[in-house]
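Okay, thanks for coming, everyone. I'd like to walk you through one structure today, so have a look at it first and then we'll go through it piece by piece.

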Amino acid sequence: EMSASLVGSEMCIRDRYNHLEKIFVMMKIFKTPSIWMPIVFALMDMAGRIGNIGYTLYYPLLLILAFISLKHKSRTDGIFGFYLLACGMSILFNNIPSFYNIYVRFVAYILLFVAFTPLVNSRYASVLRMRSIQYFCFFTVFIVGINFVFFKGGNISAAQQQIYQNVGMYVGSTGNNEMGALGAISLAYLAGLLMYRKQFFNKVWIAVIGLFMVSNVAMLLMASSRSAVFCAFAAIISMIYVKNKQNLGSFAGILLGFFFLIFVLYPFFTEYARGIIEFKQGGDLTAFDTNSRDVLWALRMKEFESSPFWGIGFGTISDYNSWTIASGGTVETGSSWCAALSQTGLLGTIPIVWIVGGNLKWLLFTKKEHDYLTVLLTGLTIFFTIHPISEGYFTTVGAILCVLFWTVQGIVYSLRKGVFKTSDIPLLVINQRKFRLF
C-alpha cells in the first residue's frame with residue numbers, strides 16, 4: 001500500500017510539474033516581441049466586438065518594436081531608405097493641407113519601416129518579423145473562425161442580420177475588405193499546412209484544419225470582396241506551383257484536383273456567396289465589373305500625370321471631401337499601386353516595383369529548393385502583389401494590411417539577401433517547447 005501511495009504521489013507531482021511547465025512556456029511566449037504586434041492586430045480585427053483597445057496600443061508598440069530593431073541593427077538596405085526619401089520629397093515639394101497631419105503620419109511611417117522592414121536589419125530582426133507573420137496567420141485563422149461561429153449561432157447585431165438578408169454580406173468584427181483579406185490569408189496559411197500535413201499532423205489535426213477551412217471559406221465569401229476571393233485562389237495556386245515546380249506533371253495533377261474540389265464543393269457554399277453573385281456581380285459570373293474602382297483609378301492616374309516625378313504628396317488625394325477632413329486625412333485611393341504613382345510618383349513607385357518584382361522572381365524562379373515557410377511566403381507575396389491593385393494601403397500607416405505588406409516584402413528581401421535562412425526558424429508557432437529565438 002505504501003508503494004502504491006508513493007507511486008500515486010509521484011504521478012500527482014509529475015502532473016503538477018507538467019502543468020507548471022506549460023504555464024512557464026506560455027509566459028515565455030508572451031515575453032517574445034514577435035507575438036506582441038500579432039496580438040494587437042487580433043484586437044484591432046475584433047474591434048467590432050471589443051472596442052478600440054487594439055488601435056490604442058498600436059502606435060506605442062510600433063515605437064517599442066522600432067527601438068528593438070535599432071538596438072539589434074547590423075545592416076541597412078538602401079532601397080527601403082530610397083523609397084522613404086521619395087516619400088519625404090513628395091511632402092516637401094507639395095503644399096499639403098494641414099488636416100492631413102502629414103508630418104506626424106510620416107514619422108509613424110518611418111517607425112513602421114524601422115520596426116518591420118530591412119531599412120534597419122539584422123538576423124535577430126528578420127527572425128522576429130518572420131515569427132510575427134506566423135503568429136498573425138495563426139491568430140487570423142481563429143478570428144475568422146470565431147466570426148463564423150458568431151454568425152451560425154445568431155450572435156450578430158440586428159443591423160448585420162439585415163445587411164446579410166438584403167445583400168448577402170456579413171463582415172463580422174471588422175470591415176468587408178479587411179475580413180475578405182483575413183479570410184484569404186488564413187486560407188493560404190491553412191493550405192500550406194495541408195501541403196505539409198505528413199510532416200506536421202496526424203489525422204485528427206488534419207480534420208480540425210479542414211473544419212477551419214470550411215469556416216474561413218464561408219467568411220471569405222460572405223465578406224463579398226471579389227479581389228480577396230481571387231487573391232486567395234492565386235495565392236494557393238502559386239503555393240502548389242512552388243512546392244511542385246521540380247515536377248510539373250505533379251503540379252498539373254494537383255491543380256486539376258484543386259479545381260475539381262472547388263467544382264464539387266461549390267454548391268455547398270452558394271448561399272454564402274450570395275453577396276458576390278447577386279449584389280456585386282448582378283447574377284452574372286462571366287463578367288468582372290470594376291465600376292466601383294474605375295473612377296478612383298482614373299483620378300489617381302490624373303494625379304500622376306499632374307506630377308509624374310514625385311507625385312502630389314505622400315498619403316494624400318486631390319478629391320478629398322468633408323469626411324477626409326473630419327477624419328484627419330483618411331483617404332480612399334482605390335488602389336495601392338495607383339496611389340503609389342499618384343502620391344509619390346515614379347521616384348517612389350520604382351523602389352516598390354524593384355522590391356516586389358525581385359521577391360517574386362526569387363520565389364517563383366530563382367530559388368530551386370522549397371520548404372514550408374518558403375511556400376507560405378510565396379502565397380503571401382502573391383496575395384500582397386495582386387490584392388493592392390484594388391485596395392489602397394501602401395501608405396496607410398495605421399492599417400494592418402500596410403504593416404503586413406511591408407513586413408512580408410521585407411522578409412522575402414532579407415531571405416534572398418542571405419540575412420537569415422528559413423532553417424533558422426521553427427516551422428510552427430505551436431511547437432513552442434523547442435522554440436528559442438536565438
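One bit of vocabulary before the cavities: Ala, Val, Leu, Ile, Met, Phe, Trp, Tyr, Cys and Pro count as nonpolar, Asp, Glu, Lys and Arg count as charged, and the others, Gly among them, go down as polar. With that sorting, the lining of the second largest cavity comes out as 8 nonpolar residues, 2 polar and no charged. And please keep in mind that this is a predicted model.

So, who are those residues? The second largest cavity is lined by Met37, Pro38, Phe41, Phe116, Ser132, Ile133, Phe136, Val403, Leu404 and Thr407. Three helices each give two or more residues to that lining: α2, residues 36-45, α7, residues 123-152, and α19, residues 400-416. The space inside is about 50 Å³.

How many cavities of 30 Å³ or more are there? The count is 4. The largest cavity holds about 60 Å³. Around the largest cavity you find Val331, Thr333, Ser336, Ala339, Ala340 and Gln343, and then Gly392, Tyr393, Phe394, Thr395 and Thr396. That lining splits into 5 nonpolar and 6 polar residues, again with no charged ones.

Let's move on to the core. As a rule of thumb, in soluble globular proteins nonpolar side chains tend to be buried together. Here the largest nonpolar core has 129 residues, and the members that touch the most other members are Tyr58, Tyr109 and Trp406. Helix α7, which we just met at the second cavity, gives this core its largest share, 13 residues.

If you want one residue to click on, try Trp406. Setting aside neighbours within four places in sequence, Trp406 is in contact with Phe80, Tyr83, Tyr109, Leu112, Phe113, Phe116 and Thr117, and also with Ile352, Ile355 and Phe394. Two names on that list should ring a bell: Phe116 is one of the residues lining the second largest cavity, and Phe394 is one of those lining the largest.

Now for the charged side chains. Side chains of opposite charge can pair when their charged atoms come close. By the rule used here, the model has 6 salt bridges, and I'll show you three.

The first joins Arg75 and Asp77, at 3.1 Å from N to O. Are the two partners buried or exposed? Arg75 is partly exposed, with a relative accessible area of 30%, while Asp77 counts as buried at 5%, because the cut-off for buried is under 20%.

Next up are Glu391 and Arg293, whose side chains meet at 3.2 Å, N to O. Glu391 sits in the loop between α18 (372-386) and α19, and Arg293 is in helix α15 (residues 291-306), so this pair ties together parts that are 98 residues apart in sequence. Both Glu391 and Arg293 are buried.

Then there's Arg300 with Asp319, at 2.7 Å from N to O. Arg300 is in helix α15, Asp319 is in the loop between α15 and α16 (322-326), and the two are 19 residues apart. Arg300 is buried, at 0% relative accessible area, whereas Asp319 is partly exposed at 27%. This pair has company: salt bridges with shared partners join Arg300, Glu303 and Asp319 into one network.

A quick word on backbone angles. Which residues have a positive phi although they aren't glycines? One is Asn101, at about 50 degrees, in the loop between α5 (78-92) and α6 (102-116). Another is Ser224, at about 60 degrees, in the loop between α11 (203-222) and α12 (226-244). Their surroundings aren't alike on accessibility: Asn101 is partly exposed at 44%, and Ser224 is buried at 0%.

Last stop, Phe233, in helix α12. Phe233 is partly exposed, with a relative accessible area of 32%. Leaving out residues up to four places away in sequence, Phe233 touches Phe258 and Ile262. Its C-alpha atom is separated by 8.3 Å from that of Ala184, a residue 49 places away along the chain.

That's my tour, and I'm happy to take questions.

Note on methods
Residues numbered from 1 in each chain as written. Predicted model: local features only at pLDDT ≥ 70, side-chain atom pairs only at ≥ 80, totals over all residues. Heavy atoms only, no water. 1 Å grid on protein atoms, 1.4 Å probe; cavity = no way out; pocket = protein on both sides within 12 Å on 5 of 7 lines; lining within 4 Å. Points joined across faces, edges and corners; volume = space filled by probe spheres on them. Helix = DSSP H or I, 4+ residues; strand = E, 2+ residues; numbered from the N terminus. Core = buried A, V, L, I, M, F, W, Y, C linked by side-chain atoms within 4.5 Å. Buried < 20%, exposed > 50% of the residue type's maximum accessible area, 1.4 Å probe, protein only. Contact = heavy atoms within 4.5 Å. Salt bridge = Lys/Arg side-chain N within 4 Å of Asp/Glu carboxyl O.
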